[in-house]
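Let's take a walk through a protein model together. Keep the picture open as you read, and find each part as it comes up.

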Amino acid sequence: MQGARLELVRELYPLDAVYLAAYTSLDRAWVFLESSPAGVVATVRSKRDGVSDDAAAGQLGNEALAQAYRLHLARGGRRVIEAIATRAVAGAAGPPGLDELLDMEIGEATAFDDPLGIAMSWEEKYGKKPAKKGEEEP
Amino acid sequence: MIELRFEETLYDGFAIDEAAKTFEPFATIDREREGGAFILRVTLAESAAADGHAEADVAAELANHALGKTIERRGAAP
Amino acid sequence: MTDTSLAPRVASRPDADILPIRYRRVGADVLITSPFGDWAFVSPAELGSLARGAVDEPLREKLRARGFVKSALDPAALRERVARKKRFLSYGPNLHIVVVTLRCNETCVYCHASRADMTATHTDMTPELAEKTVDFILQSTSPSVTIEFQGGEPLVNFPVVKHLIEYALERNRAYGKGLEFTMVTNLALMDDEKLAYLIDKKVQICTSIDGPEPIHNKQRILAGGNAHRAACQWIEKINKAYEAMGLDPTLYHVEALLTTTREALRYPREIVDTYVSLGCRAIFLRPVDPFGFADKTHKAIEYDRAQYHAFYRAAVDHIIDLNKKGTQVLERYAAIFLTKILADEEPNFLDIRNPSGSGIGALAYNYDGRIFTSDEGRMIHEMGDSCFQIGDVRTTRYRDAMRHETVRALVLASHRESQPDCATCAYVPYCGVQPEHSYLSQGTLFGRMRESSLCNVHKGIQDYLFEQLRTGDKETLEILERWTTVRERSHFLQASAAS
């Protein structure tokens, strides 16, 4: 594909950052990715009048840098981010109402399913297992 | 005819299939898999040419669609 | 732009007993802020000492007094403080914007409401949809909700406004929420009968005033009429009505908003004086934004944000002067930031909140029943992109709307500490950016703050405020402190009876 070529080295631009940047560019430019020894080469062709291919590639590069840094920050602050997001959504949503509970498939076939193993006592789950017949007690 | 070479390390096969299907009304698309890449050979349909579409643009849009779908499938979409 | 001349020139070995800081030059000093919102001014030399971990006793004492010394902090008190400022996370949307029609009798150059002509009756909300909207709103987990009527011009569809109010009052008897109504109107279609109803039902009135009559009428065109005169006439009448009811005029009056266009930039003092002459006690110096109509006409009305900052500073300098001469009036942006900076409180202004109020703090309901994460999200829909729609009042359950992936994405995208530039910005404890603005102006929810006009505005305002705080002028500081006082307007709270 014709266009401006931009190399994004993997040490600075993880593939996720490249993808995130490319995704936000798809309405404004045609973006084609190829591997290079150092990372990824993006060929960028602008869709917009007045915006050159070089400018579009530069915008992609800016966005890739922002995304790479954002991913770095997110990795470090993951627990805080998850705590806030969970609290925000849970606080806004609130507990399920009667209509939702009634919609849940709780019938004879599923009522006693225990996918999380919470119906098991701690001893059953983690305690010493009794010796099998013929073996010594552990 | 325009040949697009989608490296398997960068593009998802299902995404490419979906992109190719989406653009079938606009072009004849021959697919091949070779040397770690999905190769699509795109030839503009006569009806699309009559409507004023350029082969290079249709190929580029198909590639964009494949990239977008790849990113969505990967779960990296923002 | 980060002042790199402040960057420490030796390897940083921070003192383990000092909280992590972010810094920014303010005048000849350096503002430092802690993750919890405490702040102090230090000299560049003191910043260097902090960076080297060579904190002498006078500096340590200064930092201790300002809340930067870890060993002097009470962890329980700190936890309570953070929880208090983030308590909004525990409940859902409290602001519900209901667009009862897109029809409008005025044409405004910066309009971001995506208006329709007065013949477009198909853009009127029906009574049935109004009822479903109320049913949805009352599902909010927020103990109080404000229903804000917008348009177009909401008075155009007054029958549905009335129907919605009556229905909400009746339905809320079972929910017992703190319920308030507000209306954003150009007032041109107001009459005595409508006003009597709105006053009786305790609907707060908010309007737009773009400054003196020539500016206002140039920007807000009322076919066959005088938009400024109509608005002012009704502002006066409404304010008098409140006073006649025995309500404190300093607290109860029509609120007015400004949209600062290129034309307005030339008249900061005149605009302030116009507001004061109308009895307004608050002025919100909002810059133009990229939504809706304003996008099409931005070439005519947009401007460099440096010009906005010059306007803002001149206007607020004038406001402070007026205060010194005995006229009590505040600037709303400043009040919002100062509440965080000086009062250590979260004013819950949804667009400058962290995370933002999009989806979790506010919702917008279009005339056709569609639900959006904000009014800006709704305007983006009217511009052709529906990505901020999270449901429809006819078919969507409240919880499903709140658990929509778009709401999650907005929360994540507006968490400032995890965004580049914000992560190292001294103003991060006080700031917030609406992701819809970043999406429209930059193509990404997260935004790139270096290029963000919104970040530019927020930084500029906070720079101005901290410059004022740095001067230490007693009279100015007292005025700014007064702006953080929140006086409840309990008259507008609807009485309710929960079952």
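In what sense do β1(C) and strand β2 (residues 29-33) of chain C pair, and over how many bridges? They run antiparallel to each other, and five bridges join β1(C) to β2(C). Before we go on, keep in mind that what you're looking at is a predicted model. To see one of those pairings up close, look for Arg25(C): its bridge partner in β2(C) is Val30(C).

Now zoom out a little. These strands belong to an open sheet of three strands, in the order β1-β2-β3 of chain C, with antiparallel pairing. At the edges sit β1 (22-26) and β3 (39-42) of chain C, each of which pairs on one side only. Neighbouring strands here aren't perfectly lined up: ignoring direction, they are turned against each other by 25 degrees on average. While you have the sheet in view, here's a handy rule: in a regular strand, side chains alternate between the two faces of the sheet.

Further along the chain, there's pairing in the other sense. Strand β7 (residues 178-184) of chain C pairs with strand β8 (residues 203-208) of chain C in the parallel sense, over four bridges. For example, Val184(C) has Cys206(C) in β8(C) as its bridge partner. β8(C) also pairs with strand β10 (residues 255-260) of chain C, again in the parallel sense, this time over three bridges. There you can spot Thr207(C) standing opposite Ala256(C) in β10(C).

Next, let's see where two chains meet. On the chain C side, 25 residues are in contact with 22 residues of chain A. Two elements of chain C each give two or more residues to this side: α15 (398-402) and α16 (405-413). The biggest giver is α16(C), with four residues. Sorted by class, the side of chain C that touches chain A has twelve nonpolar, eight polar and five charged residues.

That helix deserves a second look. Is α16(C) largely enclosed or largely open? It is largely enclosed by the rest of the structure, because seven of its nine residues are buried. Among the buried ones are Thr406(C), Val407(C) and Leu410(C). And what covers the buried residues of α16(C)? The cover includes β16 (389-392), α15 and α17 (435-442) of chain C, together with α3 (78-93) of chain A. So the cover over α16(C) includes parts of both chain C and chain A, and α16(C) is also the element that gives the most to the side of chain C touching chain A.

Conventions
Residues numbered from 1 in each chain as written. Chains lettered and ligands numbered in written order. Predicted model: local features only at pLDDT ≥ 70, side-chain atom pairs only at ≥ 80, totals over all residues. Contact = placed C-beta atoms within 7 Å. Nonpolar A, V, L, I, M, F, W, Y, C, P; charged D, E, K, R; others polar. Pairing = 2+ DSSP bridges. Axes fitted to C-alpha atoms, helices over the stretch in contact; angles between N-to-C directions. Buried ≥ 20, exposed ≤ 12 C-beta atoms within 10 Å, placed from the backbone.
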